[in-house]
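Here's a quick briefing to read with the structure open beside you. It goes through charged pairs first, then sheets, then one residue and its surroundings.

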Amino acid sequence: MRKTISLVLLLIAMTANGQQRDTYSELHAKIQHVKEKYMGSRTSSDEAIAVVLHKLCNDYQGHLTLNQWRTLSADIQSMQEQATDQRQQQLLGEACQLLHAKSDTLDIQQHILDYYQKVPQEQIYIHADKPYYVPGDTVWFRAYLVDAVTHTPISRSRFVYVELHDQQADTLMQRIIVKCDSDGVFANAILLPRNMQGGIYTLVAYTQWMRNFPTERFYYGQLMVVGNFQRGNERFPTRKLSVSSIETNRFQHGNKPLQAVLRKGQLLIQFNEATEEPLACTLFGSGNLIVTDYTPGKVLRIDSQSLRPGSISIAMVNRKTGSIVAEEQTVIEAPQPKVDITGQAQSNNQPIELDITLAEADGTPLRGNFSFSVTDYDVVKPDTTQPDINRYLAQQQAAYSLSDMLRGIYPRIDYGFQTQQLITGRVKGSLGQRIKKPHLLVVNNQTGQQWDFELGDSTRFSLAVDNPEGSVFTLEGTRRSGKTSFVELKIDSLTFPKVTLPHYQLTDGPDLTAFKTQALTQQMYNRESYIELPEVLKIGKKQKPLKSNIMGIEAPRGYREGDPRIEQAATMQQLLTSLGMRIQTNGVGDQYITTPDRAGVKVYLDNFVESAEEHSYVLSLPPTDIRSIEYFTPNNSINGFFGVRPVSYSGKIPGVLFIFLKDGSEIVRARAKDRLSFASVRQLGYRRPIEFYSPQHTDKSQNTRPDHRTTLYWNPKVLTDANGKASVKFYASDVSKRYLVTLEGVSNNGTVVHQQQVIE
C-alpha cells in the first residue's frame, strides 16, 4: 500500500514537472507539506492520497495547463485500472474524478479566454464640456475607447465615428471622424449650426469594429440645444434608458434557483435546485473570470475585494456538456478613487490655477490621461439625470453570450480594426475585357504628391491614404502602356450603419434663460476687434447658407452666389476689405491678405490652399469671375477645423478665406468625371485636431470685447504624473465668480474616475 502511495505522489510530481521546473518544485513542496499535515493517528495513509490530490486541484489551478491536468487524469486512471486492492481502486477513482472535474472547469475557462481573444469588444463613452448649448455653439468632447471587459483604455481602432442626429426628424445632421493622437486620445469638436432649432439631439459614437455587433452597443448620449424650440418649453431633458441598471443586493425569494448577494465583503452564490448534473459555477464580466466546481445547495463565498468592479454574469454550467443550467447577474460597486481638486476662485479676468490629485481608494497614485472642463456655475448646472462615465460603463456590460462562447460559435466579422483610411476600387476593361497589369495613378490635390502603382495580376486595389477632412484625391486607371482607352475605374462607396435612436423627453428642470442670454452674448462678441451682428436677410427670399468650404461649416461672413455686390465691385481688394480684411505690401512689393490686428488669413481658392506668395494672384482675379466668398474671422477656435494654429509671437488665430470661381477647378473635375478611367475621390476624412481657445488676459488694456464665456476651460488631455498629480491654469471671464469643474476618464490600469465639484 505505501509503495503505491509513493508511486502516485512521484508520478504526480514528475507529470506536473514537464518543462516547468519551477512549477514542479513548488508543487512537490506543497504535496509534502499536506502529507505531513494529514498523515497521523486520525488519518490513514490511504486517506492522504485523496487529501493530497484534492489540495492539488484547488491550490494549483493557475499553475498547470489544461493539457497537464488531462495528462494527470489519464495517468491516475491507468493506475486505477492496474490496481488490485479494492481500497486502492476506490481512492484512485476519487482522485480521477477530481482531476476530470478540474479538466472540465479549465476547459470552460479556456473556451471563454479563447473567445475574448478572438472576439474582443470595444466600448465608447463621450465626455462633453457642458450639458447644454445654444445654436452656433461649439461642442468640445473627448471619446473614451475602452475594452468592454476590462474597461482599460485601448486604441486597436485608430478612428472613432461621431454623429449628431436630430431626434424629432430622425435625421443625421453631422458625421465626423476622430483620429486618435500619439497618446491614444480621441478628442475634437462639433460646431452647431446657427440656424438649428432648440431641442434634444443625440450624439452617436462607434468604431468600424463595433459594426460587427448590434448597433445597441454604440454610444448614445443626449445633447440639448437651448434656442427656439419647435414645441414645448425650454426644460431640462432626461433619457429613458433602453438598458436598465442591474441591482442584486439580496437573495431573491420566489422561483429563481440561482441567487447572489453581496454581504459583509463577500459575494455569496447559491443554487437551490436538485440536479445530478456535474456543475461548474462560472463568473465572468468586467475583467473577472472564475470557474470552479460547485455542489448544489452549498453557498459559494468569494471575497468581493478580489473582484474587479462592474457588471458580472454568474452561471451554473454542466461541466460535461457545456449547457447552461441557470444564469444571474450582479454588480460589484467600485471603491471610489480619491479625487482632490483645489484652487482659489477668481473673477474679473484674473488667473486661476487648480491642482489635481488622483489616487486609488487605498492611496495608490493614479496615472492616466483625463479630460477636464470648467464652466460658469452661475449659468451651467450639472446634469444629474445623465449617467457619468462610471455609471455608463457599469450599466453597459459586454454583449458576450456564454452559450456561444462554450459552443465555440463566433459572430461574422465583416469589419476589422480600422488602423488607417482606405480608398478601394477596381480597374477593369469597359467592355468586360480583363486588363493585363493595369496601373493606377494617384494625385493628392492638396499637397500635389503623385504616385504610380502597378496592380500586377489583380484588378482590385486598396489604397491607404492620410485623409484629413476635405482632402481630394484624383485617381486614374491606365493600361501598362499608359493609355486609358476602354479602361474603367470603379471606386467603392463608403457605407455607414443605420442606428435606432433612443427616446428622450423634456421634463422640468433648471431655468436656462440666463445660460441662453450669456451664451448668445458671448457669440455676439466672440471675435477680437469684431462685433458679430445678425445677418440681414431679404424678406421673402430664402438664402442658401454659406457652406461650400471643405468642412461644410457655415461661414459667418461672405457673399453668396448671385450676390450683385460681387460683380459691382471694381477689384478683389474692395470685396475683401468690405468683409473686414486688410491688404498689405511686403518688403519686395508683393501684396498679401491679412487682418486689422495682423493675425493673418489662410486663403483657399476652390478649396485648394494658396500660399502667402500666391496672394497677389488671388488679388488680381476679376470679381466677375467670382462665384462666392466665405470668410471666417480671426481669433475664433472654429478656424482650427481648417488646420490653422495660433501665431507663435502673438497667440492670435488667423482668419480663413474661401474663394470659389465660376469656372474653377470644381467644374474641371466635374467634366473629368465623364472619363471612365478617371475619378475624383472626396471621402469622409478625419477631422484635424483643434485646440480650445482660451483668452489670455495678461494685459487688460488690450481687451477689446466683453468676455462672457460659459465654458472657461476645456482640456481633453490632463496627464497625471507618477504621484497622481496635475495642474491646470486659465483666466476668469468678466462675469464668472463660481466654477463647475468636471474631471472624467479612465486610468492606465482601468480605474474609472468621475469628479464634479464647485470652486467658489
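Searching the whole structure, a predicted model, turns up 16 salt bridges. A few of them are worth a look, so to speak, one pair at a time.

**Salt bridges**

- Let's start with Lys130, which makes a salt bridge with Asp129; their closest N and O atoms sit 3.4 Å apart.
- Both Lys130 and Asp129 are buried.
- That pair belongs to a network of salt bridges linking Asp129, Lys130 and Asp137.
- Glu163 and Arg175 form another salt bridge, with 2.8 Å between the closest N and O atoms. Glu163 is in strand 4 (residues 159-166) and Arg175 is in strand 5 (residues 171-179), so this pair ties together parts 12 residues apart in sequence.
- Is each partner buried or partly exposed? Glu163 is buried, at a relative accessible area of 0%, while Arg175 comes out partly exposed at 22%.
- Asp183 pairs up with Lys717 in a salt bridge whose closest N and O atoms are 2.7 Å apart. Asp183 sits in the loop between strand 5 and strand 6 (186-191), and Lys717 is in strand 35 (residues 711-719), so the salt bridge ties together parts that are 534 residues apart in sequence.
- Asp183 counts as partly exposed, with 47% relative accessibility. Lys717 is partly exposed too, and its relative accessible area is 31%.

**The sheet with strands 4 and 5**

- Five strands make up this open sheet, in the order 2-8-7-4-5, and their pairing is mixed.
- Strand 2 (132-133) and strand 5 are the edge strands, each pairing on one side only.
- Strand 4 pairs with strand 7 (residues 199-206) in the antiparallel sense, over six bridges.
- If you want a spot to find that pairing on screen, try Asp166: it stands opposite Tyr201 in strand 7.
- This sheet also ties back to the salt bridges, since strand 4 holds Glu163 and strand 5 holds Arg175.

**The sheet with strands 30 and 33**

- Here is another open sheet of five strands, this one in the order 27-32-33-30-31, again with mixed pairing.
- Its edge strands are strand 27 (557-559) and strand 31 (608-610), and each of them pairs on one side only.
- On average, neighbouring strands of this sheet are turned by 20 degrees against each other, ignoring direction.
- How do strand 30 and strand 33 run? Strand 30 (residues 601-605) and strand 33 (residues 655-661) are parallel, joined by five bridges.
- Within that pairing, look for Lys602, which stands opposite Val656 in strand 33.

**Phe186 and its surroundings**

- You'll find Phe186 in strand 6.
- Phe186 is buried, with just 1% relative accessible area.
- Which residues does Phe186 contact, leaving aside its neighbours within four places in sequence? Among them are Phe141, Arg142, Ala143, Leu145, Ile154 and Ser157. The list also includes Arg158, Phe159, Val160, Val178, Lys179 and Cys180.
- Take Arg158 from that list: Phe186 and Arg158 are 28 residues apart along the chain, and their C-alpha atoms are separated by 8.6 Å.

Technical notes: Residues are numbered from 1 along each chain as its sequence is written. This is a predicted model: local features need pLDDT of at least 70, side-chain atom pairs count only at pLDDT 80 or more; totals for chains, interfaces and linings use all residues. Side-chain values use heavy atoms; hydrogens and water are left out. Two strands pair if DSSP finds at least two bridges between them. Helices (H or I, at least four residues) and strands (E, at least two) are DSSP runs, numbered from the N terminus. Axes are lines fitted to C-alpha atoms, for helices over the stretch in contact, and angles run from 0 to 180 degrees between N-to-C directions. A salt bridge is a side-chain nitrogen of Lys or Arg within 4 Å of a carboxyl oxygen of Asp or Glu. Buried means under 20% relative accessible area, exposed over 50%, partly exposed in between (1.4 Å probe, protein chains only). Contact means heavy atoms within 4.5 Å.
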